[in-house]
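I opened a new model today and want to keep a record of what I look up. Here is the structure, and my entries come after it.

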Amino acid sequence: MSSTLGRVRQFVRAMTAHIIEEDRAYVASVLPQNALPLFYAMHRADQRHALNVARTAMELVDALELQERMQVDRALLERSALLHDVGRRKGDLDILGKVLCVLLVHFFPERSRRWAEDGTSAMLHVYYHHPQIGAELLRGIGLFEEADIIERHHEPAKLDDSIELRLLREADEAN
């Protein structure tokens, strides 16, 4: 969804995001108790995005398993989808901050990367490094497989990527 229209759609979805009791029940049924604080530490828009990614990922698995009889660890994929952006927490990178980062990265890619790396911009640091930040948080609560997937979800695809990582990337891109 890298097109301008896709970015506008993401922004509108973020601004109107809401979480209902049914969503909370779903999250509680999928995530272990010790992961719930990480999920709920994300901004509401990121929680909604993660829910959408998880549902899309499950749809992709259903289609894939029907077509190719592939074995996917559904539970691992579902947990990874719900937790893939836990490296972005409320206050670190909220909606307008993310918009600013997207614009800076688009118009000033080298400078924005430098600002992220040299500590000039904490927002850009989180924007670029949220997969590693999230993976570290997940390892801290013992979710090592999820951490390995999440840490790589923005990296270019590799031949040895697990099916769960490939499906997470596809679901994330669709949302």
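These are my notes, going from the whole chain down to single residues.

**Entry 1: the whole chain**

I should say up front that this is a predicted model. I began with the secondary structure: the chain has ten helices and zero strands. Reading along the sequence, I wrote the pattern down as α-α-α-α-α-α-α-α-α-α. Next I looked up the radius of gyration, which is 16 Å, close to the 16 Å that the globule rule gives for 175 residues, so the chain is as compact as a globular protein of that length. The C-alpha atoms fill a box of roughly 45 × 35 × 35 Å along the principal axes.

I also wanted to know what share of the chain is buried, and found that buried residues make up 46% of the 175 residues. Then I turned to the contacts with a separation of 6 or more: 63% of them join residues 24 or more positions apart.

**Entry 2: helix α8**

How far does helix α8 span between its end C-alpha atoms? I got only 22 Å for residues 122-140, while a straight helix of 19 residues would span 27 Å at 1.5 Å a residue. I went looking for a bend and found a kink of about 75° at His129, shortly before the proline Pro131.

I then listed buried residues in α8, including Leu124, Val126, His129, His130, Pro131, Ile133 and Leu138. Just past the end of the helix, I noted that α8 is followed by Gly142, whose phi is positive, near 85°.

On the other side, I checked Ser121, which is found in the loop between α7 (109-118) and α8. Its relative accessible area is 15%, and the cut-off for buried is under 20%, so Ser121 counts as buried. Leaving aside neighbours within four places in sequence, Ser121 is in contact with Trp115 and Ala116.

**Entry 3: helix α10, to compare with its expected span**

I ran the span check on α10 too. The twelve residues of α10 (residues 163-174) should span 16 Å at 1.5 Å a residue, and the end C-alpha atoms are 17 Å apart, which agrees. Buried residues in α10 include Ile163, Leu165, Leu167 and Leu168. I also found charged names on that buried list, among them Glu164, Arg169 and Asp172.

Here is a reminder for myself: an α-helix has 3.6 residues a turn, so residues three or four places apart point the same way.

**Entry 4: aromatic rings**

How many aromatic pairs does the structure hold? I counted two. One is Phe39 with Tyr40, an edge-to-face pair with 5.0 Å centre to centre and 85° between the planes. Phe39 is at 0% relative accessibility, so Phe39 counts as buried. Tyr40, at 28%, is partly exposed.

In the other pair, the ring centres of Tyr127 and Tyr128 are 5.6 Å apart and the planes are at 85°, so this pair is edge-to-face. Tyr127 and Tyr128 are both buried.

I then searched for charges over rings. The charged end of Arg113 sits over the ring of Tyr128, 3.8 Å from its centre. Arg55 lies over the face of Tyr26, at 4.8 Å from the ring centre.

**Entry 5: three single residues**

Is Thr56 buried or exposed? I placed Thr56 in helix α4 (residues 44-68). At 17% relative accessibility, Thr56 counts as buried. Not counting residues up to four places away in sequence, Thr56 touches Ala171, Ala174 and Asn175.

Leu36 was next, and I found it in helix α3 (residues 36-41). Leu36 is buried, with a relative accessible area of 13%. Leaving aside neighbours within four places, Leu36 is in contact with Val27, Ala28 and Leu31. I also checked Leu36 against Leu83: they are 47 residues apart in sequence and 9.3 Å apart in space, C-alpha to C-alpha.

Last came Gly91, in the loop between α5 (74-83) and α6 (95-107). The relative accessible area of Gly91 is 64%, and exposed means over 50%, so Gly91 counts as exposed. I looked up Gly91 and Arg152 as well: these two are 61 residues apart along the chain, and their C-alpha atoms are separated by 24 Å.

Notes: Residues numbered from 1 in each chain as written. Predicted model: local features only at pLDDT ≥ 70, side-chain atom pairs only at ≥ 80, totals over all residues. Heavy atoms only, no water. Phe/Tyr/Trp six-rings, centres within 6.5 Å; stacked < 30°, edge-to-face > 60°. Buried < 20%, exposed > 50% of the residue type's maximum accessible area, 1.4 Å probe, protein only. Lys NZ or Arg CZ within 6 Å of the ring centre and 35° of its normal. Helix = DSSP H or I, 4+ residues; strand = E, 2+ residues; numbered from the N terminus. Contact = heavy atoms within 4.5 Å. Expected span 1.5 Å × (residues − 1). Bend = angle between axes of the 7 residues up to and from the residue. Rg over C-alpha atoms; globule rule 2.2 N^0.38 Å.
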